[in-house]
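Subject: Structure for your review

Dear colleague,

Please find below the structure that I am handing over to you. I would be grateful if you would look through it alongside the notes that come after it.

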Number of protein chains: 2
Amino acid sequence: MTKPTLTAIAREANVAVSTVSKVLNGHTDVSAATRRTIEQLLAERGYQRPRAARPAGRRTDLVDLVINELDSVWGLSILTGVEEVVEEAGLSLVVSSVHNRQSATRRWFESLLARGSLGAILVLSELTERQRDDLARRRMPFVVVDGVSQPPPEVPSIGATNFAGGYAATEHLLALGHRRIAAIGGPEQLQCTRARIAGYRAALETAGVPADRQLVRFGPFQHEGGLAAAQSLLALPSPPTAIFAGSDQQATGVYEAVRRAGMTIPGNISVVGFDGLPFAEWTAPPLTTVRQPLHEMGVAAARTLLRLVNGERLESTRIELATALVVRESTAAL
Amino acid sequence: MTKPTLTAIAREANVAVSTVSKVLNGHTDVSAATRRTIEQLLAERGYQRPRAARPAGRRTDLVDLVINELDSVWGLSILTGVEEVVEEAGLSLVVSSVHNRQSATRRWFESLLARGSLGAILVLSELTERQRDDLARRRMPFVVVDGVSQPPPEVPSIGATNFAGGYAATEHLLALGHRRIAAIGGPEQLQCTRARIAGYRAALETAGVPADRQLVRFGPFQHEGGLAAAQSLLALPSPPTAIFAGSDQQATGVYEAVRRAGMTIPGNISVVGFDGLPFAEWTAPPLTTVRQPLHEMGVAAARTLLRLVNGERLESTRIELATALVVRESTAAL
């Protein structure tokens, strides 16, 4: 018996090839009866998905994802995008987190080489030049998502339009009449932080509002980072009337600082977040934020990696997906 | 040169063995200078973590985690617990999601066998009896977290005290004077759903409040599940005055239904969630919820799996970690 193609399965089930493909990929717009028929045929005929071509000498079906911290919805959204594509390609995903630790990165890197992974996706973490060279020598492709520093031009990378996001958030606050606008970034060395703060500064400049260095803070992306930065901002002799946070989780820290100071949002302070995570719709008040297409960034990273694994050339090594301002109830006119 | 032990490294660094262990495991309560000294010694002396013993014929350093849906903070919390232990053991973690699809589970299962994983952790997903037999024949251990159905006694499983959690949530609402108390479960067939609803019923019974079948609903754990169930509950001729949701995400759906109905929480309706995810502290109003120790459940699952990989015997195949009621502002006296 020859291996059946999608076309053969579709003919036998008397449906379009696209319907078979939908069932394979778990789309829900196929009737239960049709789905059952097709799933049965796929099983009976022993259909196997085409697999990514494998470089000689590597026999695994593994792709690696390494992420600095796993414990945030932010990373999870990227992970689900990557997982979707990897699973669709019939491959498996090894997930590691390195917690900003050199030793953990080194250990991960060694195990990556040892297990003969097909390639790696790095999220908010960085390889040394030597590690990059090692990967190149072994022809192991990798893709960077939201890299720590500006990667060299030959390194494929995926990001969001962070500059435009920072610009849009600040422009929104300016349009509401705010002039004392603070910005909290993530860790200062991160490429995404720099781009957002540059967008914030550019918007202030366009509006002719002088930038005040005291109003820019940096800190971890978590709740505690936002709390600490906002507390120190609110303690200034001339505190801000609006705060642009570096993440939705930092924004909940800002919420806590404002509440502890006996003030309200947006009555006393307007707050804008960054990321557009689902929970931001349910905070008190619902959070105005800059949405990043995180799931799609994961999809793009995995697709790019699989193209590299298959030896394809990329038209562009840098892809930036669009951010979008989502206005809710945490921002108001001054 | 013989391989150095932790004790040797500790002696050389003039610190306690526990300090070296802290540095190895990334704990932060070690001074930067001490950390540097120890990290340098570990690198120079070529310290290698003891690895899990491997069954003959399997040479990988892989452990598998399969989870029904990856796209929730719930699953993420379990994942971080598993990852922590797996990384500490010098192993790597393959992560898959199967979206309730038989075909995806089958594909995952085949790749698990093909890649010679050391063992697998299954979260909210289920193997067929035949798949379980296959694993046993290949001596591949597995551990179930929050299984779909009551696993056979010989299958090691980790859960939370769901019955006690459902009881505590309902008791809290009863103490506030509520009598029309609704419960929304996750999917009805799930073991955790059944235990929670049983706890809810037991608390009603203890209080002498007759159970009303109309007040019990089931649905997906996501926001939409809570929204749909709450909308239908609020449309009852005699609607509930309190709703115990099956997850914090369902609770945000209940929030939306209440808001759409022009009512307020807890003014018109009290709401209790389940899970105790970080965002539940920042909802409007902050959510009263039953905390599950999800990260710890992941840790326990991974530790149990590694013991099985090492051929150890378990004292008990079932571990249940305690849930705890966290009272915030979404519940009030009737």
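The notes below set out what was found.

Please bear in mind that this is a predicted model.

Overall form of chain A

Chain A contains eleven helices and twelve strands. Its C-alpha trace spans about 80 × 50 × 35 Å along the principal axes. Of the 334 residues in chain A, 57% are buried. Contacts in this chain often bridge distant stretches of sequence: among those between residues at least 6 apart, 72% join residues at least 24 apart.

How the two chains are related

A turn of 179°, with a shift of 0.0 Å along the axis, lays chain B on chain A with an RMSD of 0.2 Å. This is the relation of a two-fold axis. As for the interface, 97% of the interface residues of chain B are also interface residues in chain A, so the copies meet through the same surface.

Aromatic residues

Over all chains, a search of the whole structure finds seven aromatic pairs. One of them involves B:F244 and B:F274, whose ring centres are 6.2 Å apart. Their planes stand at 40°; a pair counts as stacked under 30 degrees and as edge-to-face over 60, so this pair is tilted. The pair links distant parts of the chain, since B:F244 belongs to strand β8 (residues 242–244) of chain B and B:F274 to strand β9 (residues 270–275) of chain B, 30 residues apart. Both rings belong to buried residues: B:F244 has a relative accessible area of 2%, and B:F274 has a relative accessibility of 0%.

B:F274 also has an arginine as a partner: the charged end of B:R196 sits over its ring, 3.6 Å from the centre. In chain A, A:R196 lies over the face of A:F274, at 3.7 Å from the ring centre.

Helix α3 of chain B

Which residues of α3(B) are buried? They are B:R35, B:I38, B:L41 and B:L42. Seen down the helix axis, these buried residues fall within an arc of 135°, so they line one face of α3(B). The face turned away from that buried side carries the exposed residues B:A32 and B:R36.

The length of the helix may also be checked. Helix α3 (residues 32–44) of chain B has 13 residues, which at 1.5 Å a residue should span 18 Å. The C-alpha atoms at its ends are 18 Å apart, which agrees with that value.

Yours sincerely

Terms used:
Residues are numbered from 1 along each chain as its sequence is written. Chains are lettered from A and ligands numbered from 1 in the order in which they are written. This is a predicted model: local features need pLDDT of at least 70, side-chain atom pairs count only at pLDDT 80 or more; totals for chains, interfaces and linings use all residues. Side-chain values use heavy atoms; hydrogens and water are left out. Copies are superposed by least squares on the C-alpha atoms of residues with pLDDT of at least 70 in both. Contact means heavy atoms within 4.5 Å. Rings of Phe, Tyr and Trp (its six-membered ring) pair if their centres lie within 6.5 Å; planes under 30 degrees apart count as stacked, over 60 as edge-to-face and the rest as tilted. Helices (H or I, at least four residues) and strands (E, at least two) are DSSP runs, numbered from the N terminus. Buried means under 20% relative accessible area, exposed over 50%, partly exposed in between (1.4 Å probe, protein chains only). A charge sits over a ring if NZ of Lys or CZ of Arg is within 6 Å of the ring centre and within 35 degrees of the ring normal. The expected span of a helix is 1.5 Å times one less than its number of residues. The arc is that of the directions from the helix axis to the C-beta atoms.
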